[in-house]
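Here is a structure to read together, one question at a time. Please look it over before going on.

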Amino acid sequence: MELITITIDGREYTVPQGITVLEACRSNGIDIPTLCHDPELTSSASCRLCIVEIEGMRNLPPSCATMVAPGMVIHTQSAKVREARKMILELLVANHPLDCMTCDKMGDCKLAEYAYEYQVTGTAFQGEKRNLPIDDSNPFIVRDPNKCILSGKCVRACEELEGRSVLGFAYRGFYTQVGPAFGRNYGESDCVFCGSCLAVCPVGALTPKRMKGKGRPWEITKVRTTCTYCGTGCSFDLNVKDGKVIGVTSAPDAPINGRQLCVKGRFGYDLIHHPDRLTTPLIKDPATGEFREASWDEAL
């Protein structure tokens with residue numbers, strides 16, 4: 001692989017030819033904010049938050065869609081870049097509910113994280129906000145279109161990872177929203193409940209229904225385990241609070257499946273604490289034909 005030399009924030013780096021500016025920066029520990037980018041998905045460059053300043057270019061290009069070139073000089077934190085990023089965030093927050101105190105995504109929300117970093121308060125622009133009904137027709141996923149920032153990650157995950165193409169963009173301009181075709185709700189769509197959309201959503205527009213109100217990210221301990229529903233060997237994180245499993249989340253570094261899971265793996269954890277679950281061995285008494293509790297030694 002051919003290597004080239006570029007300069008990022010005044011320091012020279014040697015990077016492979018054919019990668020993006022975003023990849024070059026992140027591979028060298030330089031953080032650039034993104035809301036629509038995901039390494040497992042195609043680049044849409046829709047949020048524009050990853051813009052950088054490149055000497056010789058008139059505009060501020062998105063780093064996720066700009067390829068490195070020999071001798072390129074990049075500025076990731078110039079005053080011009082930070083001012084533009086702050087304006088982008090102000091525009092996003094202007095049409096976003098500011099209910100962070102009660103949002104289940106708080107603590108794991110990229111929009112809130114960047115708003116804090118760039119001191120965005122949501123007061124720069126005042127005007128009409130979306131007031132769309134919350135869609136809870138899906139048995140596992142709650143969809144709040146008012147919190148959607150139109151990153152398109154759920155659309156691409158459904159199409160590129162699962163091959164289902166259940167979600168898409170509808171309408172235009174201020175009225176643009178993401179959802180199933182023909183205005184159908186989530187429950188009436190062809191969704192197979194894999195939850196890939198949940199795994200990639202950067203805000204609280206998509207949340208797992210059974211975890212809603214159960215705990216905030218900082219209250220939860222994640223325990224990596226292997227799914228037992230089939231022999232594929234998918235890994236995921238059990239979300240544990242107060243000694244009880246309250247949900248399952250997938251992990252990008254899972255060696256077999258990454259963030260992809262089937263409906264059983266992602267949502268089939270309710271058996272763990274189900275009141276009908278057997279907790280002791282049972283043996284049928286031949287005399288009465290009734291089951292009775294037994295010790296493990298006796299059962300074995």
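What follows is a conversation between a student and the author about this structure.

Reader: What kind of model is this, and how are its residues numbered?

Author: This is a predicted model, in which local features need pLDDT of at least 70 and side-chain atom pairs count only at pLDDT 80 or more, while totals for chains, interfaces and linings use all residues. Side-chain values use heavy atoms, with hydrogens and water left out, and residues are numbered along each chain as its sequence is written, from 1.

Reader: Which residues touch the most other members of the largest nonpolar core?

Author: A nonpolar core is a set of buried Ala, Val, Leu, Ile, Met, Phe, Trp, Tyr and Cys residues joined through side-chain atoms within 4.5 Å, where buried means under 20% relative accessible area, exposed over 50%, and partly exposed in between, with a 1.4 Å probe and protein chains only. Helices H2 (79–94), H3 (110–117), H4 (153–161) and H5 (196–200) each give two or more residues to the largest core; helices (H or I, at least four residues) and strands (E, at least two) are DSSP runs numbered from the N terminus. Among the 36 residues of this core, those touching the most other members are Leu-111, Ile-141, Leu-167, Tyr-186 and Leu-206.

Reader: Which elements do the buried residues of H4 pack against?

Author: The buried residues of H4 are Lys-153, Cys-154, Val-155, Arg-156, Ala-157 and Cys-158. With contact taken as heavy atoms within 4.5 Å, these buried residues pack against strand S6 (167–170), strand S7 (177–180), H5 and S8.

Reader: Where is Gly-122, and is this residue buried or exposed?

Author: Gly-122 sits in the loop between H3 and strand S5 (141–143). Leaving aside neighbours within four places in sequence, Gly-122 is in contact with Glu-90, Val-93 and Leu-98. Its relative accessible area is 12%, so Gly-122 is buried.

Reader: What is the volume of the largest cavity?

Author: On a 1 Å grid over the protein atoms alone, a cavity is a set of points where a 1.4 Å probe fits but cannot get out, and lining residues have an atom within 4 Å of a point. The largest cavity is lined by 17 residues, with Cys-148, Cys-154, Val-178, Ala-205 and Leu-206 nearest its centre. Grid points are joined across faces, edges and corners, and a volume is the space filled by probe spheres set on the points; for the largest cavity the volume is about 150 Å³.

Reader: How many charged residues line the second largest cavity?

Author: The second largest cavity has a volume of about 90 Å³, and its lining includes Ile-141, Arg-164 and Tyr-186. Ala, Val, Leu, Ile, Met, Phe, Trp, Tyr, Cys and Pro count as nonpolar, Asp, Glu, Lys and Arg as charged, and the others, Gly among them, as polar. By these classes the lining has 9 nonpolar residues and 2 polar ones, and the number of charged residues is 1.

Reader: Which strands are at the edges of the open sheet?

Author: The open sheet is formed by 4 strands in the order S2-S1-S4-S3, with mixed pairing, where two strands pair if DSSP finds at least two bridges between them. Strand S1 (residues 3–8) pairs with S2 in the antiparallel sense over 6 bridges, and Thr-7 stands opposite Glu-12 in S2. The edge strands, each of which pairs on one side only, are strand S2 (11–16) and strand S3 (53–54).

How values were computed: On a 1 Å grid over the protein atoms alone, a cavity is a set of points where a 1.4 Å probe fits but cannot get out, and a pocket is an open set with protein on both sides within 12 Å along at least five of seven lines; lining residues have an atom within 4 Å of a point.
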